[in-house]
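Got your viewer open? Let's take a walk through this structure, one selection at a time.

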Amino acid sequence: MIELENVAYSYGGGELLSNVSLSIQPGSFHFLTGPSGSGKTTFLKMLYGELIATAGHVRLGGIDTRSMSRDQIALTRRSIGMVPQDTQFLDHLRLVENISLPLLVSGRDTGSAQTNLDDLLRWVGLTNHANAYPPELSGGERQRAALARAVIMSPSVILADEPTGNVDWEMSQRLLTLLVELNRLGKTILIATHDLTLIRAAKAQVQARVLRIAERRLHLAGADL
Ligand code: ADP
Ligand code: MG
């Protein structure tokens, strides 16, 4: 469960986000929309404990991120998969190694995870690219690899920042389908996007709430999108 209470964020100038209160229930599907520069990425970073609210409370699993130690943040992040806006891969490692990096870092036994890894690659349609290096991948392949890396630790929450930003319509539909499938498995999904067409397409497949940032506030968008 993710809870925000009167949250504000400022990078030092005026407040970018003010007075945001929200609870995100386990298993729910949310979109976060708003113009470029409105604070979508900033918002996701607060949910990931990467940024700490400058006012108010962001509670992850009941604990305020402000009072978490580095270890607690690291532990909490294991249950949250983040697909960053521009995922960085290590170019000298093969795709399969890049995707399994979180397993290595967490000290989890990669041997027993091998089957999962194979399944995961098949699920995102990258089996044939397992041994490719990141610079050899297309934009859509990178985005699917980023999603695979975000879910490899079996997080209960997936935050995706403009996952369809640099891909064509067909690929964005494919990514959306993967996220809808994860939601059907019970995962909480939050997608930041300025693509209203994508949101409309999703609404035919899944019950989603649409949050919109406008004038520093978070609004629940109506059904008229
Ligand atoms: P969005 O994802 O909706 O495009 P962002 O959260 O990336 O919006 O950025 C919101 C605003 O905050 C922008 O004006 C951006 O320039 C500013 N901003 C983002 N990161 C920083 C930073 N590290 N320091 C100062 N300002 C920042
Ligand atoms: Mg952004």
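Which helices do the buried residues of H3 pack against? Keep that in mind while you look around; this is a predicted model, by the way.

**Stop 1: helix H3**

Select residues 95-106, which make up helix H3. Now colour Leu 95, Val 96, Asn 98, Ile 99, Ser 100, Leu 101 and Leu 103, which are buried. An α-helix has 3.6 residues a turn, so residues three or four places apart point the same way. Bring up helix H4 (114-123) and helix H5 (139-151) too, and you have your reply: the buried residues of H3 pack against these two. Before you move on, click Gly 107, just after H3, where phi is positive at about 75 degrees.

**Stop 2: the nonpolar core**

Keep Ile 99 selected and add Phe 29, Phe 31, Leu 147, Ile 158 and Leu 176. These six have the most contacts inside the largest nonpolar core, a group of 44 residues. Which elements give two or more residues to this core? Show strand S3 (29-33), H3, H4, H5, strand S7 (157-161), helix H6 (169-184), strand S8 (188-192) and helix H7 (196-203), and you've got the list. H6 gives the most, with seven residues.

**Stop 3: ligand 1**

Next, centre the view on ligand 1. Around it, display Tyr 11, Leu 16 and the run from Pro 35 through Ser 36, Gly 37, Ser 38, Gly 39, Lys 40 and Thr 41 to Thr 42. How many of these residues are nonpolar, polar or charged? By class, the shell has three nonpolar, six polar and one charged.

Turn on the backbone atoms and check some distances to oxygen atoms of the ligand:

- Gly 37: a backbone N or O atom lies 2.7 Å from a ligand oxygen.
- Lys 40: a polar backbone atom is 2.9 Å from a ligand oxygen.
- Gly 39: here the distance from a polar backbone atom to a ligand oxygen is 3.0 Å.

Taken alone, ligand 1 exposes 560 Å², and the protein buries 54% of that.

**Stop 4: Ala 55**

Last, jump to Ala 55 in strand S4, which covers residues 55-60. Is Ala 55 buried, exposed or partly exposed? Its relative accessible area is 29%, so Ala 55 counts as partly exposed: that class lies between under 20% for buried and over 50% for exposed. Leaving out residues up to four places away in sequence, Ala 55 touches Asn 6, Val 7, Ala 8 and Arg 66. Finally, draw a C-alpha to C-alpha line from Ala 55 to Leu 17: they're 38 residues apart in sequence and 9.9 Å apart in space.

Methods
Residues are numbered from 1 along each chain as its sequence is written. Chains are lettered from A and ligands numbered from 1 in the order in which they are written. This is a predicted model: local features need pLDDT of at least 70, side-chain atom pairs count only at pLDDT 80 or more; totals for chains, interfaces and linings use all residues. Side-chain values use heavy atoms; hydrogens and water are left out. Helices (H or I, at least four residues) and strands (E, at least two) are DSSP runs, numbered from the N terminus. Buried means under 20% relative accessible area, exposed over 50%, partly exposed in between (1.4 Å probe, protein chains only). Contact means heavy atoms within 4.5 Å. A residue is near a molecule or strand if one of its heavy atoms lies within 4 Å of it. A polar contact is a pair of N or O atoms within 3.5 Å; within protein, one must be able to donate a hydrogen and the other to accept it, and residues adjacent in sequence count only if both atoms are side-chain atoms. Accessible areas come from the Shrake-Rupley method with a 1.4 Å probe; for residues, only the protein chains shown count as cover. Ala, Val, Leu, Ile, Met, Phe, Trp, Tyr, Cys and Pro count as nonpolar, Asp, Glu, Lys and Arg as charged, and the others, Gly among them, as polar. A nonpolar core is a set of buried Ala, Val, Leu, Ile, Met, Phe, Trp, Tyr and Cys residues joined through side-chain atoms within 4.5 Å.
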